[in-house]
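This report walks through one protein model, beginning with the whole chain and then turning to single strands and residues. Please keep the sequence and the structure in view while reading.

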Amino acid sequence: MARKKIPVTPGIRRLKAVKADFTVHQYAYEGKGGTANAARQLKVDEHQVIKTLVLEDETKTPLMVLMHGDLEVSTKALARTIGVKSITPCEPATARRHTGYEVGGTSPFGLLKDLPVYVEASIMDLPKIFINGGKKGLLVEISPEVIRNVFDPVLVKVGR
C-alpha cells in the first residue's frame with residue numbers, strides 16, 4: 001500500500017527548522033466541519049484539537065489566539081485581559097494577508113507576519129495537542145511545549 005505524501009507547508013517547514021517532535025495527521029476536510037470533524041475522524045477528544053484564530057483589535061492590529069476546539073473565545077474577556085477596547089475576528093482575506101494561510105488551514109507556525117500569540121492557559125496542561133499544520137485537512141500532533149519553544153505566548157483564560 002502506497003504511503004500518502006505529506007504536504008510541505010510553511011508550518012511544517014517551521015516545525016522542522018526548530019527541530020520540533022511532531023506527527024502529521026491527514027483527514028477529509030469538510031467546510032464548516034471545524035474541530036469536531038477533525039476530532040471525530042482522528043478519534044481524539046475535541047478539547048485536544050486546537051483552533052488557530054486570527055483576530056484584530058479596534059485599531060485593526062492583528063493577533064492570534066489558540067483555543068480548545070470545544071470552546072469559544074470570549075472576545076470581551078480577551079480585550080479586557082490585553083487592555084484594548086474590542087476584539088473581533090479578521091475577515092478571511094485580511095487573515096490570509098497576515099498569515100499566508102486560507103481560513104480552515106491556518107497554522108500558527110510559518111506565518112507571513114509575526115503576530116502576538118495568546119494561548120488559552122489550560123492548553124499547556126494537555127499531554128499532546130493537535131493543531132493545524134498549514135493546510136485544510138492537515139493537523140500536527142505536538143507537545144504544547146512546542147508552542148512555548150517557538151513563540152513567546154501570553155497565557156490567557158478567555159475560553160467559554
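Of the 160 residues in this protein, which is a predicted model, buried residues make up 48%. The accessible surface comes to about 8,800 Å², and carbon and sulfur atoms hold 51% of that surface. Among the contacts with a separation of 6 or more, 59% are accounted for by residues that lie 24 or more positions apart in the sequence.

The overall dimensions can be described in two ways. Taken along the principal axes, the C-alpha atoms fill a box of roughly 55 × 30 × 30 Å. The radius of gyration is 15 Å, and because a compact globule with 160 residues would have a value near 15 Å, the protein agrees with that expectation.

The protein contains five helices and eight strands, and from the N terminus on these elements follow the order α-β-α-β-β-α-β-α-β-β-β-α-β.

**Strand β6 and its partners**

Strand β6, which spans residues 129-135, is mostly covered, since six of its seven residues are buried. How does strand β2 run relative to β6, and how many bridges join them? Strand β2, made of residues 49-57, runs parallel to β6, and two bridges join these strands; within this pairing, Val49 stands opposite Phe130 of β6. Strand β7, made of residues 138-142, pairs with β6 in the antiparallel sense over five bridges, and the bridge partner of Ile129 in β7 is Ile142. The strands β6 and β7 form a hairpin with two residues between them, and in this hairpin Gly137 takes a positive phi near 80 degrees.

**Two lysines with positive phi**

A positive phi also appears in residues other than glycine, namely at Lys19 and at Lys32. The table sets out their values.

| Residue | Phi | Place | Relative accessible area |
|---|---|---|---|
| Lys19 | near 55 degrees | loop between α1 (10-17) and β1 (23-26) | 75% |
| Lys32 | near 65 degrees | loop between β1 and α2 (34-42) | 87% |

Exposed here means a relative accessible area over 50%, so Lys19, at 75%, counts as exposed, and Lys32, at 87%, is likewise exposed.

**A threonine in a loop**

Is Thr106, which has 9% relative accessibility, buried or exposed? Thr106 counts as buried, because the cut-off for a buried residue is under 20%. Its place is in the loop between α4 (92-99) and β5 (117-120). The side chain of Thr106 reaches the backbone oxygen of Glu102 at 3.3 Å. If residues up to four places away in sequence are not counted, Thr106 touches Thr52, Val54, Met64, Thr99, Tyr101 and Asn132. Among these neighbours, Thr52 and Val54 fall within the residue range 49-57 of strand β2, while Asn132 falls within the range 129-135 of strand β6, and so Thr106 touches residues of two strands that are joined by bridges.

**A glutamine in strand β1**

The place of Gln26 is in strand β1. With 31% relative accessibility, Gln26 counts as partly exposed, because this value lies between the cut-offs of 20% and 50%. Gln26 and Leu63 are 37 residues apart in sequence, and the distance between their C-alpha atoms is 27 Å.

Key:
Residues are numbered from 1 along each chain as its sequence is written. This is a predicted model: local features need pLDDT of at least 70, side-chain atom pairs count only at pLDDT 80 or more; totals for chains, interfaces and linings use all residues. Side-chain values use heavy atoms; hydrogens and water are left out. Buried means under 20% relative accessible area, exposed over 50%, partly exposed in between (1.4 Å probe, protein chains only). Helices (H or I, at least four residues) and strands (E, at least two) are DSSP runs, numbered from the N terminus. Two strands pair if DSSP finds at least two bridges between them. A polar contact is a pair of N or O atoms within 3.5 Å; within protein, one must be able to donate a hydrogen and the other to accept it, and residues adjacent in sequence count only if both atoms are side-chain atoms. Contact means heavy atoms within 4.5 Å. The radius of gyration is taken over C-alpha atoms; the globule rule is 2.2 Å times the number of residues to the power 0.38. Accessible areas come from the Shrake-Rupley method with a 1.4 Å probe; for residues, only the protein chains shown count as cover.
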